[in-house]
Amino acid sequence: MSDKSKMEPLKHYINGDWVETESGAVFDDINPLNDTLYAKVAKGTGKDICDAVAAAKEAFKSYRETLPSERERLLLRVAEIMEVRKSDLINCLVDEIGSPIQKAMFEFGKGLTMVRAAAGLCRNVRGETIPSDAPGKFSMSLREPLGVVAVITPFNVPLIKTSRLVANALALGNTVVHLPSEMSPHLTILFAEIVAEAGFPPGSYNVVTGYGSEIGDELTGHRDVNFVTFTGSSVVGQHISEICAKNKTPKTLELGGKSPTLVLADVDLDKVIPLAARSIFMFAGQACIGSSRFYVERPIFDEFVKRFSMVASKIGMGDLRDPDTVIAPIISPRQRNRIKSHIEDAVKKGATIVVGGEWEGNRCQPTLLTGVSENMTVCKAETFGPVTSIYPIDSYEEGLEKSNDTEYGLSSAIFTKNIDTAFHFAKNISAGMCHINGPTIHDEAHVPFGGNGESGFGREGTDADMEAMTELKWVTVQL
């Protein structure tokens with residue numbers, strides 16, 4: 001409609017039906033590029049969560065018995081429909097969360113891969129035979145689905161996270177209640193439409209939209225939720241962890257990061273600089289695995305800063321549907337203020353802005369800082385924007401020590417031609433992921449994706465989710 005104030009609000013998807021919240025309340029979904037209204041969305045309540053969990057619990061009774069071939073067929077059908085609705089999904093990523101077109105296309109392709117990989121998971125849910133000390137006893141383990149999986153996804157890569165976590169849970173025979181970020185609900189509603197069209201039975205996948213701060217505890221603390229997977233901030237992750245611990249609910253948490261990149265003097269800067277830019281400026285740094293710390297050996301430090309600043313100053317900030325555009329708008333006023341405060345605090349305390357630091361509408365220019373010290377907020381805290389700090393180091397050993405000087409431990413990277421040094425770093429870096437001669441931003445469907453410390457608990461990915469979202473049962477037969 002041309003008059004967005006009269007647009008039909010997006011509804012919850014519960015037990016195979018599109019339903020309004022009981023009160024009829026809605027909230028505004030805002031386009032971050034210009035803060036205009038993108039959609040009106042049902043504002044979920046605790047009752048909506050309970051209805052969705054009840055539907056998922058009931059559906060699990062029969063869905064858990066579906067054959068691998070049936071779940072495989074349904075997931076491959078989801079992938080087929082995603083391809084048909086590619087433009088809908090990409091346009092949503094552009095207009096709802098401000099993804100530049102190249103990032104939106106990348107995310108669509110990655111999401112498609114996630115679903116197809118999940119389809120392959122259906123036939124890989126296996127136990128094992130186990131030697132027994134008892135004569136004539138046949139001993140084995142069975143791997144069974146847990147039940148109702150609560151999925152809470154973020155705004156920044158909503159299609160990747162949705163397609164991975166929802167598809168893997170369904171592939172394993174679980175049912176799902178999904179609470180998406182209030183900043184990207186429409187993307188999840190589109191995915192729900194696709195799941196429904198694919199033919200998944202009612203109640204196997206349910207979506208409740210709303211504010212996590214209001215209804216998240218109702219979901220993560222529900223007695224009939226058998227597993228929780230959350231992607232978001234470390235503060236909220238800690239809160240969810242405490243709820244899950246109280247209820248003895250297993251979980252995976254993928255949280256914040258302060259990912260380091262170590263650049264040694266033997267590298268080819270022509271190859272390193274483009275990868276360095278990708279590792280922090282993709283989607284304007286709104287990525288938990290973005291590299292917000294660069295440690296560069298002193299002999300190449302000045303040249304690295306010079307070249308990096310030249311690239312950063314030319315990164316595209318034009319129309320989001322222009323393939324040359326890289327920098328996205330920052331998602332919300334709260335997050336914009338966070339980035340501004342980090343930069344202002346650093347400058348006030350003596351840091352130098354090499355390039356950037358200014359704003360064009362809701363977009364922050366790619367920003368490089370030098371002279372950052374430990375008394376500055378940006379040194380330790382996650383900024384979640386297109387801002388990174390560059391530090392000189394005098395040796396690899398110093399770089400490794402500084403890289404590990406953080407409460408986070410998500411992604412990391414090292415650039416060097418020395419294979420011994422590279423593998424020493426990989427073994428000794430306190431992070432869940434390490435990339436040698438590649439950017440910190442990287443993900444694949446089947447890898448163990450996740451971090452340590454304040455960066456989370458557990459891992460995501462086909463094999464990791466199979467371990468996390470199922471449980472083993474020991475069975476013996478006396479022959």
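In helix α2 of this predicted model, the buried residues are Arg71, Leu74, Leu75, Val78, Ala79, Ile81 and Met82. Around the helix axis these residues cover an arc of only 165 degrees, which puts them on the same side of α2. The spacing can be read against a general property of helices. An α-helix has 3.6 residues a turn, so residues three or four places apart point the same way.

The length of α2 can be checked in a similar manner. The helix comprises residues 68–84, and its 17 residues, at 1.5 Å a residue, should span 24 Å. Its end C-alpha atoms lie 25 Å apart, which agrees with that expectation.

What do the buried residues of α2 pack against? Their partners are five helices named here in sequence order: α1 (46–63), α3 (86–97), α4 (101–121), α5 (158–171) and α6 (185–198).

One of the buried residues of α2, Met82, leads from the helix to the nonpolar interior. The largest nonpolar core has 110 residues, and Met82, Phe304 and Phe308 are those with the most contacts inside it. Leaving aside residues up to four places away in sequence, methionine 82 touches Leu89, Phe108, Gly111, Leu112, Val115, Leu159, Phe191 and Ile194. There is also a second, separate core, which has 21 residues, among them Ile215, Phe230, Cys244 and Leu253.

The strands come next. An open sheet is formed by 3 strands in the order β5-β6-β22, with antiparallel pairing. Its edge strands, β5 (128–130) and β22 (470–478), each pair on one side only. On average, neighbouring strands of this sheet are turned by 30 degrees against each other, direction ignored. Strand β6, residues 137–145, is joined to β22 by 9 bridges, and the two run antiparallel. Within this pairing, arginine 143 has leucine 472 of β22 as its bridge partner.

Another antiparallel pair is made by β3 (residues 26–31) and β4, which 6 bridges join. Asparagine 31 is matched with threonine 36 in β4 as its bridge partner. The two strands form a hairpin with 4 residues between them, and in this hairpin aspartate 35 takes a positive phi near 60 degrees. Is strand β4 mostly covered or mostly open? Strand β4, residues 36–42, is mostly covered, since 6 of its 7 residues are buried.

Conventions: Residues are numbered from 1 along each chain as its sequence is written. This is a predicted model: local features need pLDDT of at least 70, side-chain atom pairs count only at pLDDT 80 or more; totals for chains, interfaces and linings use all residues. Side-chain values use heavy atoms; hydrogens and water are left out. The expected span of a helix is 1.5 Å times one less than its number of residues. Buried means under 20% relative accessible area, exposed over 50%, partly exposed in between (1.4 Å probe, protein chains only). The arc is that of the directions from the helix axis to the C-beta atoms. Contact means heavy atoms within 4.5 Å. Two strands pair if DSSP finds at least two bridges between them. Axes are lines fitted to C-alpha atoms, for helices over the stretch in contact, and angles run from 0 to 180 degrees between N-to-C directions. A nonpolar core is a set of buried Ala, Val, Leu, Ile, Met, Phe, Trp, Tyr and Cys residues joined through side-chain atoms within 4.5 Å.
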